[in-house]
Amino acid sequence: MERRGDTVPISGDYQHKARTQGRAVQRFWHYEKERVIRKFSAPAPGEHVLDVGCGSGVVSDLLASFGAEVTGVDINAEAISFAEATYHRPNLRFRRALVEDLPYPDGSIDRVYCLEVIEHLYEPQVRNLLATFHRLIRPGGALTLTTPNYRGFWPAIEIALDRLHLAPPLAEHQHVTKFHRGSLRRLLTETGWQIERLSTFCTFAPFVSALSWPAAEQCAALEDKADVPFGSLLLTVARRSSDLPDGAGGRSA
């Protein structure tokens with residue numbers, strides 16, 4: 001079984017609207033991804049970067065603001081069209097494709113960002129995707145992943161979002177692989193990655209933002225230090241080791 005695109009309609013401007021026009025909690029939730037990138041895995045000027053599953057291009061534009069050469073990749077044609085019409089930098093481009101189908105030479109990418117994508121794929125696909133990233137990234141290059149933590153607050157949030165129709169249907173429609181620290185660590189290790197950080201975020205801070213944005217930022221900083229096990233999202237920053245273990249996988253069909 002394999003997924004090669006969205007299984008429910010996702011508006012091309014979804015991430016952009018959520019970040020800029022949503023209620024405070026939704027805006028801070030999406031801002032959190034930008035915050036942890038700035039704090040833990042910002043690219044350097046001139047680095048070659050892929051934003052895989054870029055959606056409407058919000059994170060791609062952030063990455064390009066650091067001076068990196070950024071390509072945002074997504075299979076959603078509406079999202080790519082929106083991103084191309086909205087974000088304009090000489091070091092930013094967008095491609096409608098699956099990353100496995102792009103003709104990048106092995107070891108030609110410095111960093112890959114893949115935010116809240118892998119839960120949309122079945123585990124064998126995730127394994128192959130991580131192996132593809134390992135092939136594309138140069139030795140010592142970095143992978144940044146985020147995904148819901150199904151041993152944290154996320155399952156309750158997912159149920160609420162679905163029942164209140166606050167997002168496109170999630171459970172069993174979009175999200176089909178349910179990660180936690182142990183399962184994500186195992187999969188990354190088996191596909192050759194050296195984990196630098198595996199932590200949680202988006203626990204209390206987004207909800208504090210409904211009262212005060214500065215207080216929410218302070219709360220988020222405390223969450224980084226505490227790294228509570230029940231945080232809603234998992235953040236991983238990993239480095240490519242020199243070799244891919246035997247049997248780790250390769251290109252997905």
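**Figure 1. Arginine 197, a partly exposed residue of strand E6.** In this predicted model, arginine 197 has a relative accessible area of 22%, and it therefore counts as partly exposed, since the buried class is kept for values under 20%. Arginine 197 belongs to strand E6, which covers residues 193-201. Leaving aside neighbours within four places in sequence, the residues in contact with arginine 197 are Phe40, Asp224, Leu235, Thr236 and Val237. With aspartate 224 there is a polar contact, in which the side chain of arginine 197 reaches the backbone oxygen of aspartate 224 at 3.3 Å. The C-alpha atoms of arginine 197 and leucine 234 lie 9.9 Å apart in space, although these two residues are 37 residues apart in sequence.

**Figure 2. Threonine 144, a buried residue of strand E5.** The strand that holds threonine 144 is E5, made of residues 137-148. Threonine 144 has a relative accessible area of 1%, and because buried means under 20%, this residue is classed as buried. Its side chain makes a polar contact with the side chain of serine 41, at a distance of 3.2 Å. When residues up to four places away in sequence are not counted, threonine 144 touches Ser41, then Val112, Tyr113, Cys114 and Leu115, and also Leu235, Thr236 and Val237.

**Figure 3. Phenylalanine 230, in the loop between helix H9 and strand E7.** The loop that contains phenylalanine 230 connects helix H9 (213-226) with strand E7 (233-240). Phenylalanine 230 has a relative accessibility of 31%, and so it counts as partly exposed. Along the chain, phenylalanine 230 and asparagine 149 are 81 residues apart, yet their C-alpha atoms are separated by 7.6 Å. Asparagine 149 is also one of the residues in contact with phenylalanine 230, and the others, leaving aside neighbours within four places in sequence, are Arg151, Gly152, Phe153, Thr203 and Phe204.

**Figure 4. Helix H3 and the elements that enclose it.** Of the 8 residues of helix H3 (residues 58-65), 7 are buried, so this helix is largely enclosed by the rest of the structure. The buried residues are Val58, Val59, Ser60, Asp61, Leu62, Leu63 and Ala64. They pack against two helices, H1 (14-20) and H2 (24-40), and against four strands, namely E1 (48-52), E2 (69-74), E3 (92-96) and E4 (109-115). After H3 comes glycine 67, whose phi is positive, near 95°.

**Figure 5. The packing of helix H2 against helix H3.** The axes of H2 and H3 are 11 Å apart, and the two helices pack at an angle of about 30°. Because angles under 35 degrees count as roughly parallel, H2 is described as roughly parallel to H3. The crossing in which H2 passes H3 is right-handed. On the side of H2 the contact is made by Glu34, Ile37 and Arg38, while on the side of H3 it is made by Val58, Val59, Leu62 and Leu63. Sorted by type, the residues of this contact comprise 5 nonpolar and 2 charged residues, with no polar ones.

**Figure 6. The packing of helix H2 against helix H9.** Helices H2 and H9 pack at an angle of about 45°, and their axes are 11 Å apart. That angle makes H2 oblique to H9, and the crossing of the two helices is right-handed. From H2, the residues Ala24, Arg27, Phe28, Tyr31, Glu32, Arg35, Lys39 and Phe40 take part, and they meet Trp213, Ala216, Glu217, Ala220, Ala221, Glu223 and Asp224 of H9. The residues of this contact divide into 8 nonpolar and 7 charged, and no polar residue is found among them.

**Figure 7. The packing of helix H5 against helix H7.** The axes of helix H5 (residues 123-136) and helix H7 (residues 181-190) come within 9 Å of each other, crossing at roughly 45°. That makes H5 oblique to H7, in a crossing that is right-handed. Here Glu123, Val126, Arg127 and Leu130 of H5 meet Arg186, Leu187, Leu188 and Glu190 of H7. These residues divide into 4 nonpolar and 4 charged, with no polar residue in the contact.

Terms used:
Residues are numbered from 1 along each chain as its sequence is written. This is a predicted model: local features need pLDDT of at least 70, side-chain atom pairs count only at pLDDT 80 or more; totals for chains, interfaces and linings use all residues. Side-chain values use heavy atoms; hydrogens and water are left out. Buried means under 20% relative accessible area, exposed over 50%, partly exposed in between (1.4 Å probe, protein chains only). A polar contact is a pair of N or O atoms within 3.5 Å; within protein, one must be able to donate a hydrogen and the other to accept it, and residues adjacent in sequence count only if both atoms are side-chain atoms. Contact means heavy atoms within 4.5 Å. Axes are lines fitted to C-alpha atoms, for helices over the stretch in contact, and angles run from 0 to 180 degrees between N-to-C directions. Angles under 35 degrees count as roughly parallel, over 145 as roughly antiparallel, 65 to 115 as roughly perpendicular and the rest as oblique. A crossing is left-handed if the near helix is turned anticlockwise from the far one by less than a right angle, and right-handed if clockwise. Ala, Val, Leu, Ile, Met, Phe, Trp, Tyr, Cys and Pro count as nonpolar, Asp, Glu, Lys and Arg as charged, and the others, Gly among them, as polar.
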